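The following exchange sets out the reasoning behind several assignments. Please consult the sequence and structure shown here.

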Amino acid sequence: MTPATSESPSRLLVAVWLVGLGVLYASKRFWPGILFLAGATALIQAYYYPERRNTGRFGVFMILLGLWAMLRLSLPFLLIGLGVYLIFSSLSSMGAGRKPHVDQTLD
């Protein structure tokens with residue numbers, strides 16, 4: 001891997017944080033915007049480093065937590081968000097650990 005490509009995710013993450021903090025400072029609403037910023041950077045890291053699956057899950061969780069905070073911490077949205085998160089995490093972890101199906105009808 002060349003140094004230019006290995007630095008590009010870190011430069012992108014720094015740029016996202018700087019722009020995000022600038023927008024949060026200009027809008028004077030740090031909460032729940034900081035959750036969206038943390039979720040976005042976690043999703044960017046998961047995109048550049050696919051072996052870190054938990055980072056993508058954390059990003060989705062932070063964005064859902066930010067949406068929940070925007071909706072004034074309502075209990076029904078919390079339950080819906082947790083359900084969506086559990087469905088997403090179970091679907092994303094299904095592919096790697098399963099054994100292939102063996103057809104034994106020819107034996």
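Q: In this predicted model, what makes Lys28 a charge over the face of Tyr25?
A: Lys28 lies over the face of Tyr25, at 5.8 Å from the ring centre. The distance limit for such a placement is within 6 Å of the ring centre, so the value of 5.8 Å satisfies the distance criterion.

Q: How do you know that the end-to-end span of helix H2 agrees with its number of residues?
A: Helix H2 covers residues 33-48, and at 1.5 Å a residue its 16 residues should span 22 Å. The end C-alpha atoms are 23 Å apart, which agrees. Among the buried residues of H2 are Gly33, Leu37, Thr41 and Ile44.

Q: Why is the pair of Tyr47 and Tyr48 called edge-to-face?
A: By the pairing rule, the count comes to 1 aromatic pair. Tyr47 and Tyr48 form this pair, with 5.5 Å centre to centre and 80° between the planes. Centres within 6.5 Å make a pair and planes over 60 degrees apart count as edge-to-face, so both conditions are met.

Q: Why are Tyr47 and Tyr48 placed in their accessibility classes?
A: Tyr47 has 66% relative accessibility and therefore counts as exposed, the cut-off being over 50%. Tyr48, with a relative accessible area of 36%, is partly exposed because this value falls between 20% and 50%.

Q: What makes Thr55 buried or exposed?
A: Thr55, found in helix H3 (residues 53-70), has a relative accessible area of 18% and is therefore buried, the limit being under 20%. Leaving aside neighbours within four places in sequence, Thr55 is in contact with Ala42, Gln45 and Ala46. Of these contacts, Ala42 and Ala46 are also buried residues of H2.

Key: Residues numbered from 1 in each chain as written. Predicted model: local features only at pLDDT ≥ 70, side-chain atom pairs only at ≥ 80, totals over all residues. Heavy atoms only, no water. Helix = DSSP H or I, 4+ residues; strand = E, 2+ residues; numbered from the N terminus. Expected span 1.5 Å × (residues − 1). Buried < 20%, exposed > 50% of the residue type's maximum accessible area, 1.4 Å probe, protein only. Phe/Tyr/Trp six-rings, centres within 6.5 Å; stacked < 30°, edge-to-face > 60°. Lys NZ or Arg CZ within 6 Å of the ring centre and 35° of its normal. Contact = heavy atoms within 4.5 Å.
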